[in-house]
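Student: Please take a close look at one part of this model, following a single side chain outward to its partners and then to the surroundings. I should like one connected account.

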Amino acid sequence: MGKTPGGRRLTMSLKWFRRFLIPTSACLFLSFLTGCWSTVELNDQAFAKIMLLDKSDDGIEMTLEFPLPNQMVPSQEGGGGGGGGKSGKPFAYVTKRDRDVAKAYRAIQADLSRKISFGQLRIIVIGRKLAEDGIGQVVDFIAREPKIHINSNVFITEGKPVELASILVGFERFPTDILSGYIEEKVTVEVTVKDLLMANYTGGDLVIPMLVFGREGIVKKKTDEKWMGTDGAAIFKDGKMVSLLNTMEMRGALWILGKLKNAEVNVPSPSDGKNVSFMVTQATTRIKPEVEGDPTIHIRCKAEVDVLANESNINLEDPDQLKLLEQRLGKKLEGRMAQAIAKSKKAKSDAFQFGNYVRWRFPQKWEEIKPGWRELYVDKVNVKEHVDVSIKRLGAVRKAEGQRLLSNQGEQR
């Protein structure tokens, strides 16, 4: 039985569809896979990893550190270790000065063959002169640049931030890794771009870690290289640096902020006054405000410690002696926190953001006291520190060497 005219027409239509319409549709679909017109290829971008900012005669000095793609392949000389290519370090710095931060940034961009990207920016370092003058325009630039990550860490330097360009990188490949290591190991206060923006919104009071250059460290490779380390923290009031915390006060600040990790603390033994050393292995902090009468801020810390060294003749197996050690250790830690708080009150700065705890817990009361909070904090707010310490591990040697020798001599007699 033959096909009808309608069937033949349908067959011809299907053949035409397969031959012409399907290839044409595929070509149209592929034309939409060419990418976005506004994208910038990786090979056309310069990824800034560190931003250095300082005050200059022209206004602002900005320095950006960029990895060098042509130097990222490890050198084959010397057995294939280390970093960088044959010509040296795998990164470079570009510096420009102009009236403000935005203009200095554009001046750097004008001299580069690639588009600057802040997608990998992790460190912002601000010089002391600019910090004392005020970092308002720095915060404004950061707030307007959406590609700067809110978890980027912020530091202040005692000297000029460009000294970072001459430090000995040592164990790491990039200076960024050293500064990130300080934060990860909790050796200093951690402040991020997010903290900076939030503090600016609530009045500009906070603490920012300090960097110092020039200390002696490991053996230097070159005479012009410097060593870098941490040293205390800067207290800010209304976006300006107004005071400093020394190293011990900064460690008290770490307790207040709940950022302490693997810290060593020494206390005199109740038996003979000689030192017993402890390593803090775990620590937690809770801050609770009270607003009845004059506001009170309760800082409650719990810590677990291990005995690190014992120079005294104290018997660590005696529960009463251990209790005395825990109490002494708690008092010492409370004293460190009290010193940091006293320094912030002297600077008239709510550097530890206690006002935020009042605002979160008592929003109506906060609206009443908010206009005069700084003065209230300095004159009437009572901050009470409570530290509960538990000695968890005594170690294999529970008696000092001298005590064991005396015991052995007594047994021999």
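Tutor: Arg-97 is partly exposed, with a relative accessible area of 47% (buried is under 20%, exposed over 50%, partly exposed in between; 1.4 Å probe, protein chains only). The model is predicted: local features need pLDDT of at least 70, side-chain atom pairs count only at pLDDT 80 or more, and totals for chains, interfaces and linings use all residues. Residues are numbered from 1 along each chain as its sequence is written, and side-chain values use heavy atoms, without hydrogens and water.

The partner of Arg-97 is Glu-61: the two form a salt bridge whose closest N and O atoms are 2.8 Å apart (Lys or Arg side-chain nitrogen within 4 Å of an Asp or Glu carboxyl oxygen). This pair connects distant parts of the chain, since Glu-61 belongs to strand β3 and Arg-97 to strand β4, 36 residues apart (DSSP runs, numbered from the N terminus: helices H or I, at least four residues; strands E, at least two). Glu-61 itself counts as buried, because its relative accessibility is 5%.

The backbone joins these strands as well. β3 (residues 59-67) and β4 pair in the antiparallel sense over eight bridges (pairing requires at least two DSSP bridges). Within this pairing, Glu-65 stands opposite Tyr-93 of β4.

Strand β4 supplies a further salt bridge: the side chains of Lys-96 and Asp-111 meet at 2.5 Å, N to O. Here too distant parts are linked, with Lys-96 in β4 and Asp-111 in the loop between α2 (101-110) and β5, 15 residues apart. Lys-96 is partly exposed, at a relative accessible area of 26%. Elsewhere, Arg-128, Glu-132 and Glu-158 are joined into one network by salt bridges that share partners.

The strands just described belong to an open sheet of eight strands with mixed pairing, in the order β4-β3-β2-β6-β7-β8-β9-β10. Its edge strands are β4 (91-98) and β10, each of which pairs on one side only. At the β10 edge, β9 (residues 228-237) and β10 are antiparallel over five bridges, and Ala-233 stands opposite Leu-245 of β10. β9 and β10 form a hairpin with two residues between them, and Asp-238 in the turn has a positive phi of about 55°.

Strand β2 (residues 50-56) of the sheet holds Lys-55, while Asp-133 lies in helix α3 (residues 128-133), so this pair ties together parts 78 residues apart in sequence. The salt bridge between the side chains of Lys-55 and Asp-133 has an N to O distance of 3.7 Å. Both partners are partly exposed: Lys-55 has a relative accessible area of 37%, and Asp-133 one of 44%. The count of salt bridges comes to 12.

Beside these pairs, Ser-117 in strand β5 (residues 115-117) counts as buried at 5% relative accessibility. Apart from neighbours within four places in sequence, Ser-117 is in contact with Gln-45, Ala-46, Phe-47 and Ala-48 (heavy atoms within 4.5 Å).

As to confidence, the chain averages a pLDDT of 82, with 78% of the residues scoring at least 70 (a per-residue scale from 0 to 100). Strand β10 (residues 240-245) has the highest mean, at 96, and helix α12 (residues 401-412) the lowest, at 49. Over residues 76-87 the pLDDT is below 50, and this stretch has 17 contacts in the model beyond near neighbours in sequence.

Conventions:
pLDDT is the predictor's confidence in each residue, from 0 to 100.
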